[in-house]
Amino acid sequence: MIGLAIDSVLALGIVWMALQTVRSDSLFQAMLMFIVFGLLMSLAWARLHAPDLALAEAAIGAGITGALLLVTWRRLQVHGPDDSNGPRLMTRWLALPIACASALLVIIIGWTALQLPAVPGTAGELTLQRLEDIGVSNPVTGVLLGFRAYDTLMEMAVLLAAWLGARAVATEFRPGVLPGPAHAEVPLVGALLSLVVPISILVAVYLLQAGGSAPGGAFQGGAVLAAGGVLLCLTGRLEAAAQASALERVGVILGLAVFSLTGLIVMATGGPMLALPGVWAIYLVETALLLSIALTLVLLFAAAPGLRRAP
Amino acid sequence: MNPTAVIYVLTAAAIFGIGLYGLLVSRQILRQLLTINLMGGGIFLLLITLGGGAEGPPDPVPQAMVLTGIVIAVSATAFALALLLRWQELSGSSEVDGDAVTDAVTDALDDDE
């Protein structure tokens, strides 16, 4: 009963935040509401017994997406005319009926699917039965790297494509794209960074290591590590460089390269492609994925080909 | 029927509807990106609720799919934000305007030649 009350309050909070994201007069406020929406969603994932998703939503959905949105908003303001005073919402008479009809469609789909009797022998059940074969006890990690490795490989390809696309459309290099490090010289910033950045590395490695048997994994860990990098950019410790260093070039493709190579070597020795031959291979691939994800996300945040230490 | 599942299906529907409404009426591109992400959140919530999240640990396959979806969403958003910055450079505006789109693209192509 108390659980149902918590779920109801949480659901109301989520819907309210979504409504505020759309309705807020100021764009800045809308983005903040969206970030809070992400945090409430991560609570909903926890309530729905999906702690892996809760971690991913908090780190990626709310954290990194929020940072990307806010920094882009700032860049738009610095580099362009301020058109935040015009009318924000258009009047479209069909919008409300279309939105209501689509919401109704979601309800009908959900309602119908909930009525269906449980089907035995689904992919998820088979995964749980055969989890021991691949040597990890977290079923989500098992699916991501054992049973549906193609998805994860393509996911890395999408992240790489997003970064390449972002580089391709940003034609000229503007060194001032990072917001000014307004507080870089405050003495406490250095002390804070020397505390927070090592912790973000520690948490990232922990999430990676725990991912085999507990909630966690390369994506959550990568996002936490990227958060440390974003902090270094914001405080002026890292700054945009006009050229990517060789290390950065390797880092961006490391995940995709290691994953593909491992998969191909397995195929060359007679196994099915991408069938990772043991727990060590899973951790090897996950480590490469983590490094690539973190680096790509920080580079996307910096909107620069590369990064270097600020003088 | 599990009442928790009903609550989250209704929430998913509400978020999706609100997101779609926002997408249709928003002028600013940044705001449209927020609303697309809201719609995505609604679909993710529906998938996990239908995967049995209300009763116990949900089916691992939809969980992995949603995890992939969250990463794809941030990738697509990051790319869209880069496009938005470029769009503002070309058109001088961060809002949607059909005619302005055509003009700016035509100008950019002319410049390249």
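Among contacts in chain A between residues at least 6 apart in sequence, 73% join residues at least 24 apart. For chain B, the corresponding share is 50%. Both values come from a predicted model. Its scores are ipTM 0.89 and pTM 0.89.

**The two chains**

Chain A holds 12 helices and two strands. From the N terminus, ten helices come before a strand, then two helices, then a closing strand: α-α-α-α-α-α-α-α-α-α-β-α-α-β. The C-alpha atoms of chain A fill a box of roughly 60 × 55 × 35 Å along the principal axes.

Chain B has four helices and zero strands. Its pattern along the sequence is α-α-α-α.

The table sets out the two chains.

| Chain | Residues | Buried | Helices | Strands |
|---|---|---|---|---|
| Chain A | 311 residues | 42% | 12 helices | two strands |
| Chain B | 113 residues | 62% | four helices | zero strands |

**Confidence in chain B**

The mean pLDDT of chain B is 86. Of its residues, 88% reach 70 or more. Helix H1 of chain B has the highest mean among the elements of that chain, at 94. Helix H4 (residues 98-112) of chain B has the lowest, at 65. Where pLDDT is low, the predicted coordinates should not be read in detail.

**Domains of chain A**

The domain assignment splits off two parts of chain A: domain 1 (1-78) and domain 2 (138-311). Their centres, taken over C-alpha atoms, are 23 Å apart. The two domains touch: 13 residues of domain 1 of chain A are in contact with 16 residues of domain 2 of chain A. On the domain 1 side, the touching residues are nine nonpolar, one polar and three charged.

**Where the chains meet**

How many residues of chain B are in contact with chain A? The count is 71 residues of chain B, against 78 residues of chain A. On chain B, the elements that give two or more residues to this side are helix H1 (3-25), helix H2 (29-53) and helix H3 (60-91). Helix H3 of chain B gives the most, with 23 residues. By class, the chain B side divides into 44 nonpolar, 22 polar and five charged residues.

**The nonpolar core**

In soluble globular proteins, nonpolar side chains tend to be buried together. Here the largest nonpolar core has 131 residues. Which members touch the most other members? They are Ile14(A), Val298(A), Phe301(A), Ile15(B) and Leu67(B). These residues come from chain A and chain B. The largest share of this core comes from helix H12 (residues 279-302) of chain A, with 16 residues. Why does this core lie between domain 1 and domain 2 of chain A? Both domain 1 (1-78) and domain 2 (138-311) give residues to the core, so it lies between them.

Ile14(A) shows the local detail. Leaving aside neighbours within four places in sequence, Ile14(A) is in contact with Phe37(A), Leu40(A), Met41(A) and Ala44(A) in chain A. Across in chain B, Ile14(A) is in contact with Thr11(B) and Ile15(B). Ile15(B) is itself among the core members that touch the most others.

Conventions:
Residues are numbered from 1 along each chain as its sequence is written. Chains are lettered from A and ligands numbered from 1 in the order in which they are written. This is a predicted model: local features need pLDDT of at least 70, side-chain atom pairs count only at pLDDT 80 or more; totals for chains, interfaces and linings use all residues. Domain bounds come from an automatic or database domain assignment. Two residues are in contact if their C-beta atoms, placed from the backbone, lie within 7 Å. Ala, Val, Leu, Ile, Met, Phe, Trp, Tyr, Cys and Pro count as nonpolar, Asp, Glu, Lys and Arg as charged, and the others, Gly among them, as polar. A residue is buried if 20 or more other C-beta atoms lie within 10 Å of its own, exposed if 12 or fewer, and partly exposed in between; C-beta atoms are placed from the backbone. A nonpolar core is a set of buried Ala, Val, Leu, Ile, Met, Phe, Trp, Tyr and Cys residues joined through C-beta atoms within 7 Å. pLDDT is the predictor's confidence in each residue, from 0 to 100.
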